[in-house]
Amino acid sequence: MITFDAVTKRYPDGFVAVDNLSLEAETGRITVLVGPSGCGKTTTLRMINRMIDASEGQILLDGADVKKIDPPTLRRGIGYVIQQAGLFPHRKIVDNVATVPYLLGWDKKKARDRAMELLERVGLDPKLAQRYPFQLSGGQQQRVGVARALAADPPVLLMDEPFSAVDPIVRTSLQDELLRLQSELNKTIVFVTHDIDEAIKLGDRVAVLRVGGKLAQFAAPKTLLSEPADDFVREFLGKDRGIRRLSFVSTEHLRLRTDLVVSSSSPGTAAASDGLLMVVSEDGRPVGWQGRDEPFGTYVHGKDSLRAALDAALLSPSGQAVAVDAEGKVVGIATREALDEALAEAADG
Ligand code: ADP
Ligand code: MG
């Protein structure tokens, strides 16, 4: 666990970049620092590995004051990833990833084996290992940056806007990859971004900072969306806060109609008066709306969110979503009526 206890950073010119910050980044979780440019995110992050020293207050790493740990020792246990990956241009990818193991004096073979293993872990083709950074795309370079930070298996990972410089599609895949990696590695991650959507997607807990380095709110994403602490947080979250909150509402209790599901071998005789009929194949998979050559959307019932179910419903002409199980077999139809009901409940809750 990383604990900030009343931490203030005053730069030599007197500027207060971080003001009396207290928060805890839990072990094995992703804590996101989010806020507008200049609000002190980078300063906060760098105080953890002592690239910047706090002026007042304490930062504890598993209870130990970081000021009492000498920086090289401290940094051995802390991986650091920055926006432009920060790779050494004249070193091959494999040697970039092995940077820290080399510094730690691992033998060359062991360090390189580890690097190759990590390249695969972050979703890169091992063939890229022999290339130089300029021969990789921006997204690939970021993956290398993540692999390098993980090389010595540090328990803590600091990430400063690591995905901000890549295009939105690549960014989404990097985010997904990070979540997948984290589900295997359970690092203590402090992740900085100015993008609230990224914060909400990645964070187990999110600290919203305002300019002047003041903590506006520290909460789980779901709580931020449902109970923003003040106008600043509300505005920062944006106007579609209501819709995004539905990403955290379960479909478990969404009412399903099974009478609107018919098998391809025995099609329904009468069209249902209150919804289209979904035809399923013999193995239970959705085929299409009976008699209508129009698209349909599916969501995984009980696993996907209400937002996903609504997205699915928007794809179909009748506003119905097709509920499937983890194997893709149809378990029922969420009608517009059922979705309305669930929405009303979510608004109350
Ligand atoms: P963020 O990462 O949220 O954009 P930073 O932590 O980089 O913000 O900076 C916070 C504030 O501190 C900014 O206003 C910045 O100009 C100021 N700042 C950063 N470094 C210094 C410095 N060395 N001396 C004076 N002010 C600084
Ligand atoms: Mg910054």
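The legends below describe several close-up views of a predicted model.

**View 1. Surroundings of ligand 1 in the predicted model.**
Ligand 1 is surrounded by Tyr11, Asp13, Phe15, Ala17, Ser37, Gly38, Cys39, Gly40, Lys41, Thr42 and Thr43. Sorted by the character of their side chains, the residues of this shell divide into four nonpolar, five polar and two charged. Among the elements of the chain, helix α1, which spans residues 41-48, gives the most to the shell around ligand 1, contributing three residues.

**View 2. Polar atoms of the protein that approach ligand 1.**
A polar atom in the side chain of tyrosine 11 lies 3.5 Å from a nitrogen atom of ligand 1. The backbone takes part as well, since a polar backbone atom of cysteine 39 is 3.2 Å from an oxygen atom of the ligand, and a backbone N or O atom of lysine 41 lies 2.9 Å from an oxygen atom of ligand 1. On its own, ligand 1 has 570 Å² of accessible area, and the protein covers 62% of that area.

**View 3. A salt bridge between helix α5 and helix α7.**
Arginine 121 forms a salt bridge with glutamate 184, and the closest N and O atoms of the two are 3.2 Å apart. Arginine 121 belongs to helix α5 (residues 108-121) and glutamate 184 to helix α7 (residues 168-185), so this pair ties together parts of the chain that are 63 residues apart in sequence. Arginine 121 counts as partly exposed, at 32% relative accessibility, and glutamate 184 is also partly exposed, with a relative accessible area of 42%.

**View 4. A salt bridge within helix α7, and the network to which its residues belong.**
The side chain of glutamate 184 also meets that of arginine 180 in a salt bridge, at 2.9 Å from N to O. Both residues lie in helix α7, where glutamate 184 and arginine 180 are four residues apart, or about one turn of the helix. Arginine 180 is partly exposed, with a relative accessible area of 36%. Seen in a wider frame, Arg121, Arg143, Glu177, Arg180 and Glu184 are linked in a network of salt bridges, and the structure as a whole holds 21 salt bridges.

**View 5. A salt bridge between helix α13 and a loop.**
The side chains of glutamate 341 and arginine 255 meet in a salt bridge, with a distance of 3.0 Å from N to O. This pair links distant parts of the chain, 86 residues apart, for glutamate 341 lies in helix α13 (residues 336-348), whereas arginine 255 lies in the loop between α11 (241-245) and β11 (261-263). Glutamate 341 is partly exposed, with a relative accessible area of 38%, and for arginine 255, likewise partly exposed, the value is 38%.

**View 6. An open sheet of four strands.**
The strands of this sheet follow the order β2-β1-β4-β5, and their pairing is antiparallel. Strands β2 (16-25) and β5 (64-65) stand at the edges, each with a single partner strand, so one side of each is left without a neighbour in the sheet. Strand β1 (residues 2-10) pairs with strand β4 (residues 56-61) in the antiparallel sense, over five bridges. Within this part of the sheet, threonine 3 stands opposite leucine 60 in β4.

Technical notes
Residues are numbered from 1 along each chain as its sequence is written. Chains are lettered from A and ligands numbered from 1 in the order in which they are written. This is a predicted model: local features need pLDDT of at least 70, side-chain atom pairs count only at pLDDT 80 or more; totals for chains, interfaces and linings use all residues. Side-chain values use heavy atoms; hydrogens and water are left out. A salt bridge is a side-chain nitrogen of Lys or Arg within 4 Å of a carboxyl oxygen of Asp or Glu. Helices (H or I, at least four residues) and strands (E, at least two) are DSSP runs, numbered from the N terminus. Buried means under 20% relative accessible area, exposed over 50%, partly exposed in between (1.4 Å probe, protein chains only). A residue is near a molecule or strand if one of its heavy atoms lies within 4 Å of it. A polar contact is a pair of N or O atoms within 3.5 Å; within protein, one must be able to donate a hydrogen and the other to accept it, and residues adjacent in sequence count only if both atoms are side-chain atoms. Accessible areas come from the Shrake-Rupley method with a 1.4 Å probe; for residues, only the protein chains shown count as cover. Ala, Val, Leu, Ile, Met, Phe, Trp, Tyr, Cys and Pro count as nonpolar, Asp, Glu, Lys and Arg as charged, and the others, Gly among them, as polar. Two strands pair if DSSP finds at least two bridges between them.
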